[in-house]
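Thank you all for making time this morning. I would like to walk through one structure with you, a stretch at a time, and I will try to keep to what the coordinates can tell us.

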Amino acid sequence: MEVTTILLVVSVCTVTGAWNWLIDPDTQKVSFFSSLWNHPFFTISCITLIALFFAGIHKRVVAPSIIAARCRTVLAEYNMSCDDTGKLILKPRPNIQ
């Protein structure tokens, strides 16, 4: 699986679990830890999301776009560019008159 897909799936699971956790009427009546114990889907997805961020998944999602943007900046001086995958794009030479 791609890193972005993993982050998206875990984020959707966390949001879904949080919604179920918040709309549960027993959440207000019991202690915080008892409430988390009663909602294992939310607890596990939250722990997984936090673990993924500590493992640096956010850097793996953002880093390729930063690298591509910096490459485009350098290549623009030579009338070239690159796409998001890193393939070089040669632009036509400007006509000097």
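W19 sits in helix 1, the helix that runs over residues 3-23, and I should say at once that what we are looking at is a predicted model. The side of W19 is open to the outside, since its relative accessibility is 56%, and the cut-off for calling a residue exposed is over 50%. W19 also has company there, because together with L22 and I23 it makes up a nonpolar patch on the surface, and the accessible area of these three residues adds up to about 380 Å².

Moving along the chain, we come to the loop that joins helix 1 to helix 2, and this is where S31 is located. With a relative accessible area of 39%, S31 is classed as partly exposed. If you want a sense of how far the model extends, take S31 and L90, which are separated by 59 residues in sequence and by 62 Å in space, C-alpha to C-alpha.

Now compare that serine with another one, S35, which belongs to helix 2, residues 32-38. Is S35 buried or exposed? S35 is buried, its relative accessible area being 1%, and the limit for that label is under 20%. As for what S35 touches, once we set aside the neighbours within four places in sequence, its contacts are W21, T27 and V30.

Helix 3 comes next, covering residues 40-54. Its 15 residues should span 21 Å at 1.5 Å a residue, and because the end C-alpha atoms are indeed 21 Å apart, the length agrees with expectation. Which residues of helix 3 are buried? They are F42, T43, S45, L49 and L52, and the elements that cover the buried residues of this helix include helix 1, helix 2 and helix 4. After helix 3 the chain reaches G56, and this glycine has a positive phi, near 95°.

Let me spend a little longer on helix 4, residues 57-76, which has 20 residues and reaches 30 Å from its first C-alpha to its last, close to the 28 Å expected at 1.5 Å a residue. Where does helix 4 kink? The kink is at A63, shortly before the proline P64, and it amounts to about 35°. Buried residues in helix 4 include I57, A68 and L75, and among the elements covering the buried residues of this helix are helix 1, helix 3, strand 1 and strand 2.

Between helix 4 and strand 1 there is a loop, and N79 lies in it. The backbone of N79 deserves a look on the screen, as its phi is positive, about 60°, although N79 is not a glycine. N79 is also partly exposed, at 27% relative accessibility.

Finally, M80 is part of strand 1, the strand that spans residues 80-82. M80 counts as partly exposed, its relative accessible area being 23%. Leaving out residues up to four places away in sequence, M80 touches L75, L88, I89, L90 and K91, and you will recognise L75 from the buried residues of helix 4. One last distance concerns M80 and R93, which are 13 residues apart in sequence and, C-alpha to C-alpha, 9.7 Å apart in space. I am happy to go back to any of these places if you would like to see them again.

Methods
Residues are numbered from 1 along each chain as its sequence is written. This is a predicted model: local features need pLDDT of at least 70, side-chain atom pairs count only at pLDDT 80 or more; totals for chains, interfaces and linings use all residues. Side-chain values use heavy atoms; hydrogens and water are left out. Helices (H or I, at least four residues) and strands (E, at least two) are DSSP runs, numbered from the N terminus. Buried means under 20% relative accessible area, exposed over 50%, partly exposed in between (1.4 Å probe, protein chains only). Contact means heavy atoms within 4.5 Å. Patches are made of residues with over 30% relative accessible area and no salt bridge: like charges are joined within 9 Å, nonpolar side chains (Val, Leu, Ile, Met, Phe, Trp, Tyr) within 5 Å. Accessible areas come from the Shrake-Rupley method with a 1.4 Å probe; for residues, only the protein chains shown count as cover. A salt bridge is a side-chain nitrogen of Lys or Arg within 4 Å of a carboxyl oxygen of Asp or Glu. The expected span of a helix is 1.5 Å times one less than its number of residues. The bend at a residue is the angle between axes fitted to the seven residues ending there and the seven starting there.
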